[in-house]
Structures are given as C-alpha cells and as structure tokens.
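The following exercises concern a protein chain and the nucleic acid strands beside it. Please work through each task before reading its solution.

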Amino acid sequence: MDVASREGLLDWYSRYARDLPWRRTRDPYAVWVSEVMAQQTQIATVLPYYERWMERFPSVDALAQADEDTVLALWAGLGYYRRARTFLQAARLVARDGWPASADAWRKLPGVGRYTANAIASICLGEAVPVVDGNVKRVYARFCADDGTGPRFERSCWEWAERVLDRERPGQMNQALMELGARVCTPRQPKCGECPLSRPCAAYALGCPTDFPAPAPKAEVVERHVVFWAHFWGGKWGLRRAEPGEWWAGMWCLPTEVLAQPLAEEFSLGRFNHTVTRHRLRCVVAWKAAHDADLAWFSTEDLKTLGIPTAHGKALAIALRALTDASEHDRMAVGRESTA
DNA sequence: AAACCGGGGCC
DNA sequence: GGCCCAGGTTT
C-alpha cells in the first residue's frame with residue numbers, strides 16, 4: 001500500500017469512525033474489556049454489555065475482587081462463557097503483577113491471543129504491531145485478490161497487516177483497517193464507491209470484490225434432542241452449576257438429558273431450537289416433580305442475579321409461562337365455582 | 001439455513 | 001496445523 005492510500009485510509013477513519021465508548025480512552029482496562037467482549041461477537045451486541053460491565057467493574061482491581069458468579073451473571077447472554085472466566089483469571093494476574101508493558105507480555109495472559117495482545121498494545125502503548133481479525137482478513141483478501149484458504153492465507157494476512165502498518169500511528173491504522181471491513185468492505189454488499197482503498201484494490205480492479213475471500217468449507221452440523229428438566233418445588237427452581245468440561249461450565253443450568261428421539265408431546269411444556277457453533281439442539285422443556293437433593297433452589301426473583309446461559313433462560317421462560325398459565329387456569333376454575 | 005462476528009486454546 | 005469452543009445476530 002502506497003503512502004497516499006495509507007493517508008487516505010487514516011483520513012477516512014478520522015472522519016467516519018464510529019464513536020464507540022472504548023475509543024474515547026487509552027485506558028488498557030477499558031480497551032481490554034471491549035476486545036474480550038468483541039471476540040466472535042458483533043460490536044452492536046457488545047455495547048449494552050460493555051456499559052453495564054464498566055459500571056459494575058470500573059477497574060481491573062474491581063474486577064479482580066469480584067466473585068465468579070457476579071461476573072458470569074453480567075456476561076450471561078454474550079455467549080462463549082469461557083471468555084468471562086478466563087478474563088477474570090487474567091484480571092487477577094494483572095492486579096497482582098501489574099500491567100503488561102508490551103504485546104509479548106500481554107500475549108502471556110490467559111485468553112489473550114495474538115490479535116488481542118496486538119490490538120491493546122497498538123492502541124494503548126503505541127507499539128507497532130499489526131492485528132488480523134475477520135474484517136482485516138476480508139480487506140486483505142480483496143485488496144490483494146487472494147482467494148486462498150487455511151494456514152497459508154492466515155500467514156499472508158499477518159504479513160500484509162505488518163507491511164501496511166503505520167509505525168507512527170499503529171493503533172489508528174489497525175482500527176482503520178477493522179473499521180473499513182466493518183463499515184465499507186462488508187461481506188455481501190461492499191460499498192466500493194465509498195472506499196478509500198478502491199483505487200489500489202485488486203479485487204475492485206477485477207470487478208468482483210465479493211469473490212474474495214474464498215468461502216470456508218462448511219462444518220458438518222450435529223443435531224441432538226435435549227430435554228430440559230424444570231424442577232419446581234416449594235416456589236423455587238432447582239438448578240445446578242455446570243462442571244468444568246461440561247457444556248456451559250460454571251453457569252447455572254437446568255438438569256438436561258440427551259434423548260435418542262424427541263420427547264412425547266404430552267410431556268412437553270414447550271419447544272425451542274438452539275444453535276451453537278456446529279450443534280443444532282432440538283430442545284424440549286418438561287416438569288420433573290422429584291426434589292433432587294443435588295440441586296440448588298432459587299426463587300423466580302433470584303434467577304435475575306445468576307449467570308444463566310441463553311438456552312437455559314429460554315427453557316426457564318417456557319416453564320415459568322406454563323406455571324403462570326396453570327395458576328391462571330386455577331383462578332378461572334375457582335371463579336367459576338364461586339359464581340356457580 | 002448460512003454466513004459472519006474486532007479469536008483463543010488445545011493437542 | 002487442525003479441531004473445538006458450548007453463541008448471537010443478520011440476511
């Protein structure tokens with residue numbers, strides 16, 4: 001990329017960058033929070049979680065002192081819950097040992113890979129290290145008309161990002177490339193007319209920007225029938241904390257069971273589908289009247305303070321509605337009796 | 001349904 | 001270097 005193109009990109013970024021809360025600061029904690037939340041997650045989804053998080057845990061020390069339940073409760077709904085637990089672990093290391101002073105030092109923290117380490121170091125420390133995320137990959141693939149796949153493509157991306165990096169303003173350059181990918185060089189309908197890099201872009205010259213990057217091979221989808229057991233006893237819900245190695249580790253969950261075939265309709269309180277990564281769960285909710293001693297018991301009000309993954313939240317909502325409908329039905333029945 | 005998202009860890 | 005993670009949103 002020549003000097004004029006690089007200036008054009010940085011100029012575009014200074015004009016059109018989204019005003020995101022973590023772009024108003026160079027506080028490494030704030031930037032770190034945003035980067036961890038944004039992993040595999042769209043920025044629009046992150047925003048409300050980010051605001052809530054910063055209010056509750058305004059500093060790395062505040063986070064380090066928090067208990068895991070509180071952290072998971074604030075993360076509930078963002079998915080990939082391992083991120084939250086790993087982040088807490090890393091925050092405790094930083095609170096104990098102090099802030100990393102380079103990208104290499106950041107890279108040593110759990111949950112901090114090459115992308116995150118370089119993003120924070122370039123933005124907060126001004127270190128001249130490149131970043132490659134999904135946006136940069138797409139920008140690179142089109143700019144260089146590289147339809148490669150796999151490790152060779154990955155290497156080329158990083159080499160390109162390193163080569164085009166503005167060594168005086170690495171943070172601005174890295175964010176400019178990502179922002180361009182997010183706002184202009186979009187997957188399906190790129191706005192080449194608004195792109196500061198259209199002139200030197202190889203895919204634009206070829207007239208087929210959306211041919212790049214090459215589509216990834218599809219992973220096989222695994223389908224499974226799962227029953228969520230709704231234990232309700234004495235006005236409380238019976239939940240268990242998922243153990244390490246289980247799905248939703250650390251989160252509060254209904255007991256579940258994988259079935260060979262769908263549960264009979266007569267036992268079902270409701271159904272929903274839940275897709276995660278390459279798994280498609282066909283979910284059904286059913287009452288379980290037994291008082292299981294291994295469960296912890298929470299009132300409906302208590303549920304709001306727990307870290308409950310989305311699928312289990314859906315199941316609880318179905319059970320709660322069934323409960324409400326049943327009591328409504330009872331009141332109607334009582335009403336009919338009294339007027340009779 | 002599929003594609004995509006400001007990836008990381010693991011072997 | 002290939003696979004898994006135990007998600008949500010958008011088209």
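Conventions are stated first, and five exercises with solutions follow.

**Conventions.** The model is predicted, so local features need pLDDT of at least 70 and side-chain atom pairs count only at pLDDT 80 or more, while totals for chains, interfaces and linings use all residues. Residues are numbered from 1 along each chain as its sequence is written, chains are lettered from A and ligands numbered from 1 in the order in which they are written, and side-chain values use heavy atoms, with hydrogens and water left out.

**Exercise 1.** Describe how chain A is divided into domains.

*Solution.* Step 1: the bounds, which come from an automatic or database domain assignment, give domain 1 (3-211) and domain 2 (222-335). Step 2: the centres of the two domains, taken over C-alpha atoms, are 36 Å apart. Step 3: to their contact (heavy atoms within 4.5 Å), domain 1 gives 8 residues and domain 2 gives 13 residues.

**Exercise 2.** Determine how the axes of helix 1 and helix 11 are arranged.

*Solution.* Step 1: helices (H or I, at least four residues) and strands (E, at least two) are DSSP runs, numbered from the N terminus. Axes are lines fitted to C-alpha atoms, for helices over the stretch in contact, with angles from 0 to 180 degrees between N-to-C directions. Step 2: the axes of helix 1 (residues 3-16) and helix 11 (residues 170-183) come within 9 Å and cross at roughly 75°. Step 3: angles under 35 degrees count as roughly parallel, over 145 as roughly antiparallel, 65 to 115 as roughly perpendicular and the rest as oblique; helix 1 and helix 11 are therefore roughly perpendicular. Step 4: the contact involves, among others, W12 and Y13 of helix 1 and M173 and L177 of helix 11.

**Exercise 3.** Characterise the surface near DNA strand B.

*Solution.* Step 1: a residue is near a strand if one of its heavy atoms lies within 4 Å of it. DNA strand B is surrounded by 27 residues, the closest being E35, G111, T116, D133 and R138. Step 2: of the strand B atoms within 4 Å of the protein, 67% belong to sugar and phosphate. Step 3: helix 8 (114-124) is among the elements that supply at least two residues, and helix 8 gives the most, with 4 residues. Step 4: the classes are nonpolar (Ala, Val, Leu, Ile, Met, Phe, Trp, Tyr, Cys and Pro), charged (Asp, Glu, Lys and Arg) and polar (the others, Gly among them); the surface has 11 nonpolar, 9 polar and 7 charged residues.

**Exercise 4.** Identify N or O atom pairs between side chains and DNA strand B.

*Solution.* Step 1: the R23 side chain has an N or O atom 3.0 Å from a base oxygen. Step 2: a polar side-chain atom of Y115 is 2.8 Å from a base nitrogen. Step 3: the R138 side chain places an N or O atom 2.3 Å from a phosphate oxygen.

**Exercise 5.** Examine DNA strand C and the part taken by Q40.

*Solution.* Step 1: 19 residues lie around DNA strand C, and Q40, Y81, W248, H279 and T310 come nearest. Step 2: the surface near this strand comprises 7 nonpolar, 9 polar and 3 charged residues. Step 3: Q40 has a backbone N or O atom 2.4 Å from a base nitrogen of strand C. Step 4: Q40 sits in the loop between helix 2 and helix 3 (43-56), and its phi is near 60°, a positive value in a residue other than glycine. Step 5: T277 likewise has a backbone N or O atom 3.1 Å from a base nitrogen of strand C.

Terms used: Polar contact = N/O pair within 3.5 Å; in protein donor to acceptor, adjacent residues only side chain to side chain.
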